[in-house]
Amino acid sequence: MTLKELKQIAASIGEIQGWDFSAVRDGRDPVPWDYMTLVRNYLTSSSRVLDIGTGGGEKFLTLSPNFGRGIGIDISDEMIQTAHENQSKMQINNVSFNVMSADALQLPDSNFDIVLNRHSVVNVDEILRVLRTGGYFITQGVGHRNTSNILAAFGWTSNSFGEDWWSSAKELAKTFRQRGNRIIALMEYDVAYWFCDVESLLLWLHTVPLPEKFEIEKHWQCVNQILEKYTTQRGIETNEHRELLIVQKSA
Ligand SMILES: C[S@@+](CC[C@H](N)C(=O)[O-])C[C@H]1O[C@@H](n2cnc3c(N)ncnc32)[C@H](O)[C@@H]1O
């Protein structure tokens, strides 16, 4: 595709609000767990739940009919503002949202039955402090091999996202275990994943944190390389690597 054509497509795609990726058309091979289904298995109508790095609260608000009371926190003012907007659209009143760092939770000790964290910062000390004994911490993370062929086309070798806060689930499990907690599950999957069209690929590149900010003028030839090499009947092929850790807090 020419730069002009790619710029036209890039200009036609909207902005993602919060972490609502529903505009990305995609597909994947079967995976061993679904985060939302799995989390629901741990929730009861009386659960007190904390969601760390909640983004626009999209997932957390969807889970809210399944628990008693919830707090979603995020370090970004903008994300919390989006979460409040989403909450009022969905008319949900058992959840509150606050700007807060995962590394300094302004929340009492032993206050939650469940602590959730999907694709965000994990601070083991803070999680163990706010979780009650017997309570569960559930985290899904983006694995380091995620979308590796796409990153390679840009000359990036690992999916570090340019951040140093992501620890692999295995390392986290080791830390939780060393502190005497029970590891309920430690799993990963790495499956084929497809962006169904160029719009979806560009929307994803514009939104996710990458080692370098995506700009069509600068990166259009990398996009072309991806389209030439990886376009299949199912779409633009890459891989989805996810990790899962479930921990039960011991006394
Ligand atoms: C990839 S998004 C995931 C959002 C949401 N959990 C989801 O799965 O849709 C990561 C979120 O973590 C937040 N975040 C990053 N560092 C943080 C920190 N130190 N404390 C709290 N939130 C943080 C970001 O602002 C962002 O909203």
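Two exercises with worked solutions follow, both on a predicted model.

**Exercise 1. Strand E2 and its neighbours**

Determine whether strand E2 (residues 48-52) is largely enclosed by the rest of the structure, and identify its bridge partners in strand E3 and strand E5.

*Solution*

1. Begin with burial, for which a residue needs 20 or more other C-beta atoms within 10 Å of its own. Four of the five residues of E2 are buried, so the strand is largely enclosed by the rest of the structure.
2. Turn to strand E3 (residues 69-74), which runs parallel to E2 and is joined to it by five bridges. Arginine 48 has arginine 69 as its bridge partner in E3.
3. Follow the chain between these two strands. From E2 it passes through helix H3 (residues 58-63) to E3, forming a right-handed β-α-β crossover.
4. Consider strand E5 (residues 112-118), which is paired with E2 through four bridges, again in the parallel sense. Here valine 49 is matched with isoleucine 114 of E5.

**Exercise 2. The packing of helices H1 and H9**

Describe how helix H1 (residues 3-12) crosses helix H9 (residues 216-230), and list the residues of each that meet.

*Solution*

1. Two packed helices are described by the angle between their axes and the distance between the axes.
2. Apply this to H1 and H9: their axes come within 10 Å and cross at roughly 110°. Angles of 65 to 115 degrees count as roughly perpendicular, and H1 is therefore roughly perpendicular to H9.
3. Assign the handedness: the crossing of H1 past H9 is right-handed.
4. List the contacts. H1 contributes Leu3, Leu6, Lys7 and Ala10, which meet Ile216, Trp220 and Val223 of H9.

Conventions
Residues are numbered from 1 along each chain as its sequence is written. This is a predicted model: local features need pLDDT of at least 70, side-chain atom pairs count only at pLDDT 80 or more; totals for chains, interfaces and linings use all residues. A residue is buried if 20 or more other C-beta atoms lie within 10 Å of its own, exposed if 12 or fewer, and partly exposed in between; C-beta atoms are placed from the backbone. Two strands pair if DSSP finds at least two bridges between them. A crossover is right-handed if, with the strands pointing away from the viewer, the path from the first strand over the helix to the second runs clockwise. Axes are lines fitted to C-alpha atoms, for helices over the stretch in contact, and angles run from 0 to 180 degrees between N-to-C directions. Angles under 35 degrees count as roughly parallel, over 145 as roughly antiparallel, 65 to 115 as roughly perpendicular and the rest as oblique. A crossing is left-handed if the near helix is turned anticlockwise from the far one by less than a right angle, and right-handed if clockwise. Two residues are in contact if their C-beta atoms, placed from the backbone, lie within 7 Å.
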